[in-house]
Amino acid sequence: YYRYLEFLSSMHLKSLLQRFNASNFAVYCCLLVFSVLLSLRVSRIITWNYAAVFIPVWVWNALVLCGVVVGVVFWTRKKTLRQDPDHVHHFKAMLLSAALQLPLFLTELLVVINIETGAHSWRAVFTPLYLLCALSIPACAWACWRGRGVELEMLSMLNLLQFIFLGIRLDGVVQWSWAIVFIPSWILLGVFPITVAIYACILAALHQMMEQPEALQQQKVTKVILIIAGFIIAVCLIVFLALLASQLDSRISVPLPAIFVPLHLAILGLLATTVSRRPGNPWWFGIRKTFTDLILDCCPLLQEYANVSYVKEDEEVLTAVHLEEDGSRHEPKRPAQEAIKPNVYPYEDIYIPD
């Protein structure tokens, strides 16, 4: 417990930059703005066209398109990098992520058209999502084999049944209550906290059984922080779905912007976790380096402070300057550190003459 508090009370700029995922941060920012605009539009506080409401999502798609085009251009020019297996895997992962964005973009476009015109059935509108779920299975297997992130692939694959329920409910094929329609999401969000609790118990048991180096302990603390954040995000999403289902079933009468507040909090939690994730793909926009190296190259002043850490010290060190009885000022000295004793190993000559 005290090690967790010590880790939270310390700040290291370089470690934060190394764990920062710029791609996820940009995506979550777009989703946050989109959720705010959507809540204002459905409550008729603003009367914009839905194409304008989806502008943050279009920005996300435009960033993906520009990033993959620039990355492909640099890949064709840098022929020497094609022999490096790591660069090849990063480049393939970028192409795979961009390919999975195409069904998502088509779904967004069809949703906007159908909201404005109502010319298509919702099952037809969600057809690209069904294709995305089917493509996510081999993509998730490949990403796990290469040790890459599978956020979008896993999310699409697990929500296939939810997309089917939404399509048949919006088309009037079934007249279920919205609480029943959201059953796949209830199951998914309900299983997640249980899984998180089991993982946390196993992690705590392993920590008691073995002593780990300081670097591994910091990684473990980072995972614990991500687990706690994931639990809070899951609770916020459950509250949002419960309020939304009750509002759609006319069980409660709450302003729609208030219903979307837990969703905004969940996205803010996702934004906070971007500083503790693995770095993004270095081939987006052809930068060919991590976000940390890019920031340090663009801002030379950060190079001076990137290796500086700020740690909360003991109370004895931070005690204010004491006043002696005679009125003179006396600053307490830091406690002397104990001398590190070298390890002593028995010497044994293994040379044995014939």
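Me: Before anything else, when do two aromatic rings count as a pair?
Reply: Rings of Phe, Tyr and Trp (its six-membered ring) pair if their centres lie within 6.5 Å. Planes over 60 degrees apart make the pair edge-to-face. Keep in mind that this is a predicted model.

Me: Okay, how many aromatic pairs does that rule give?
Reply: The count is eight aromatic pairs. One of them joins tryptophan 58 and phenylalanine 105, with 5.9 Å from centre to centre and 75 degrees between the planes, and is edge-to-face.

Me: Where do tryptophan 58 and phenylalanine 105 lie?
Reply: Tryptophan 58 is in helix H5 (residues 55-77) and phenylalanine 105 is in helix H6 (residues 85-117), so this pair ties together parts that are 47 residues apart in sequence.

Me: And how accessible is tryptophan 58?
Reply: Tryptophan 58 is partly exposed, at 23% relative accessible area. Phenylalanine 105 also counts as partly exposed, with 30%.

Me: Which residues are in a cluster with those two?
Reply: Ring pairs link Phe34, Phe54, Trp58 and Phe105 into a cluster.

Me: Got another pair? Why is the one between phenylalanine 165 and tryptophan 176 called edge-to-face?
Reply: Their ring centres are 5.3 Å apart and the planes sit at 70 degrees, so phenylalanine 165 and tryptophan 176 make an edge-to-face pair. Phenylalanine 165 belongs to helix H10 (residues 160-170), while tryptophan 176 is in the loop between H10 and helix H11 (178-181). The two are eleven residues apart, and the pair links distant parts of the chain.

Me: Is phenylalanine 165 buried or exposed?
Reply: Phenylalanine 165 is buried, because its relative accessible area is 17% and the buried class is under 20%. Tryptophan 176, on the other hand, is partly exposed at 32%.

Me: What nonpolar patch does Trp176 belong to?
Reply: Trp176 forms a nonpolar patch on the surface with Ile180, Ile183, Ile187 and Val191. Together they have about 420 Å² of accessible area. Helix H12 (residues 183-209) gives the largest share of the patch, three residues.

Me: Switching to charges. How many salt bridges does the structure hold?
Reply: The structure holds one salt bridge. Arginine 123 forms it with aspartate 171, and the closest N and O atoms are 2.9 Å apart.

Me: Which parts of the chain does that tie together?
Reply: Arginine 123 is in helix H7 (residues 122-125) and aspartate 171 is in the loop between H10 and H11, so the pair ties together parts that are 48 residues apart in sequence. Arginine 123 is partly exposed, at 39% relative accessibility, and aspartate 171 is partly exposed as well, at 26%.

Me: What about disulfides, how many are there?
Reply: There are zero disulfides in the structure. Take cysteine 30: its nearest cysteine sulfur is that of cysteine 29, 6.9 Å away, and cysteine 30 is in no disulfide. Cysteine 30 is buried at 10% relative accessible area, and cysteine 236 is buried too, at 15%.

Me: Last bit, the whole chain. How many helices and strands?
Reply: The chain has 18 helices and four strands. Of its 354 residues, 31% are buried. The accessible surface is about 22800 Å², with 66% of that belonging to carbon and sulfur atoms.

Me: And what share of the contacts with a separation of 6 or more comes from residues 24 or more positions apart?
Reply: Those residues account for 63% of such contacts in the chain.

Definitions and conventions:
Residues numbered from 1 in each chain as written. Predicted model: local features only at pLDDT ≥ 70, side-chain atom pairs only at ≥ 80, totals over all residues. Heavy atoms only, no water. Phe/Tyr/Trp six-rings, centres within 6.5 Å; stacked < 30°, edge-to-face > 60°. Buried < 20%, exposed > 50% of the residue type's maximum accessible area, 1.4 Å probe, protein only. Patch = residues over 30% accessible without salt bridge, like charges linked within 9 Å, V, L, I, M, F, W, Y side chains within 5 Å. Areas by Shrake-Rupley, 256 points an atom, 1.4 Å probe, with all protein chains shown as cover. Salt bridge = Lys/Arg side-chain N within 4 Å of Asp/Glu carboxyl O. Contact = heavy atoms within 4.5 Å. Disulfide = S-S within 2.5 Å.
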